[in-house]
Amino acid sequence: MSSGAADFEALLREALSPVDPPADLAQRLELTLVNLTELAHEELDSWELKAMRDPRNWVRPAAAAVVGVSAGTALVVLRVRARHRVRKQRSHNPVDLAQRTLHDVAEEAGKILPRRHD
Amino acid sequence: MAEDELPKSKADVDARFTELYKTHLRDVYSYSYYRVGNHHDAEDLTEQTFLQAYRHFERALREANGRPLRPWLIRIAHNLAANFYRDRSRKPESGIEDAGLISAPHTTESLVEGREQLKAILDGVQQLPDDRREALIMRFALGMDNREIARALGRTDGATKVLLHRAIRQLEGMVSEPAADTAGGRE
């Protein structure tokens with residue numbers, strides 16, 4: 001390798017120096033992974049009594065419960081959590097919020113579950 | 001637990017995964033940062049990468065046969081970044097926040113000139129074709145060798161060596177051209 005090429009690679013190495021993640025990212029990530037299952041149960045708890053009175057909704061908690069015991073929960077919960085603010089803004093009252101949450105969990109579970117058979 | 005020994009319980013899997021993300025968090029974050037060009041999206045991409053990795057971790061351990069998992073991890077980030085741009089119908093930001101420039105040490109005399117040169121290189125990296133940019137990020141930001149990069153990109157070792165060589169030469173040409181133009185303009 002010529003010295004010119006070596007110099008340029010040294011510059012490249014300097015320009016693309018590794019970037020340290022924010023200090024709290026590792027902790028946040030660890031916490032997210034640890035809490036995923038708990039969060040899934042909390043989501044279930046918040047609406048299951050109301051929803052279970054309507055047989056049409058029985059399939060939804062069943063789907064959420066299935067993913068609640070697997071790593072697939074990670075994606076379901078993360079996606080549901082990601083839309084929490086939007087749901088809250090659009091909800092007229094706590095019952096409406098619970099129903100929207102229910103709908104999102106069922107929808108996301110439906111997306112994840114088929115992939116579990118890959 | 002030995003690196004190539006398969007975990008025997010869920011607790012073992014979680015312990016191995018914790019080890020993986022502690023070891024490679026900086027790699028995934030650096031890669032994400034140079035792909036998306038800002039810290040906010042880099043954090044999102046890093047988080048999504050590890051969640052996706054967690055979902056497929058046991059299978060990856062079985063299939064790795066003791067080989068390092070970094071290329072697999074970076075490949076996940078690579079695929080997610082591609083989806084990120086497709087979903088949001090946008091391209092990488094043209095300018096990168098200057099984390100690299102800030103963290104790189106400089107002498108006082110060369111500070112201004114050095115920063116301009118490094119910025120020109122970063123701008124050039126963003127203009128490279130996707131595969132060349134990827135390869136340079138993996139080599140220089142993450143310190144991956146040819147074999148690791150080949151695995152992450154799904155190419156042969158030989159093709160990766162050629163890719164890197166061409167990427168460096170193209171970038172060198174891009175960076176030196178404006179300087180040559182400026183020098184010519186002064187004459």
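The expected span of a helix is 1.5 Å times one less than its number of residues. Keep that rule at hand for this tour of a predicted model.

**Stop 1: helix H7 of chain B**

Select residues 130-141 of chain B, which form helix H7. Place a distance between the C-alpha atoms at its two ends: they are 16 Å apart, and because twelve residues at 1.5 Å a residue should span 16 Å, the two values agree. Now show the side chains from B:Glu134 onward. B:Glu134, B:Ala135, B:Leu136, B:Ile137, B:Met138, B:Arg139, B:Phe140 and B:Ala141 are buried. Just past the helix, pick B:Gly143, where phi is positive at about 70 degrees.

**Stop 2: helix H1 of chain B**

Next, select residues 10-36 of chain B, helix H1. What would a straight helix of 27 residues span at 1.5 Å a residue? It would span 39 Å, yet the end C-alpha atoms of H1(B) span only 34 Å. Center the view on B:His24 and you will find a bend of about 55 degrees in H1(B). Then move on to B:Gly37, which follows H1(B) and has a positive phi, near 85 degrees.

**Stop 3: chain B as a whole**

Color chain B by secondary structure. You will see nine helices and zero strands. Of the 187 residues in chain B, 33% are buried. Contacts in this chain often reach far along the sequence: among those between residues at least 6 apart, 68% join residues at least 24 apart.

**Stop 4: confidence**

Switch to coloring by pLDDT. Chain B has a mean of 81, and 78% of its residues reach 70 or more. Two stretches deserve a click. Over residues 99-111 of chain B, pLDDT stays under 50, and the model has 16 contacts for them beyond four places in sequence. Residues 182-187 of chain B also stay under 50, but here the model has zero contacts beyond four places in sequence.

**Stop 5: where the chains meet**

Finally, bring chain A into view. Here 23 residues of chain A are in contact with 29 residues of chain B. On the chain A side, the elements giving two or more residues are helix H1 (3-15), helix H2 (23-52) and helix H4 (72-82). Which of them should you select to see the largest share? Choose H1(A), which supplies seven residues. Color this side of chain A by residue class and you will find 17 nonpolar, two polar and four charged residues. For the complex, the predictor gives an ipTM of 0.75 and a pTM of 0.64.

Conventions
Residues numbered from 1 in each chain as written. Chains lettered and ligands numbered in written order. Predicted model: local features only at pLDDT ≥ 70, side-chain atom pairs only at ≥ 80, totals over all residues. Contact = placed C-beta atoms within 7 Å. Helix = DSSP H or I, 4+ residues; strand = E, 2+ residues; numbered from the N terminus. Nonpolar A, V, L, I, M, F, W, Y, C, P; charged D, E, K, R; others polar. pLDDT = per-residue confidence, 0-100. Bend = angle between axes of the 7 residues up to and from the residue. Buried ≥ 20, exposed ≤ 12 C-beta atoms within 10 Å, placed from the backbone.
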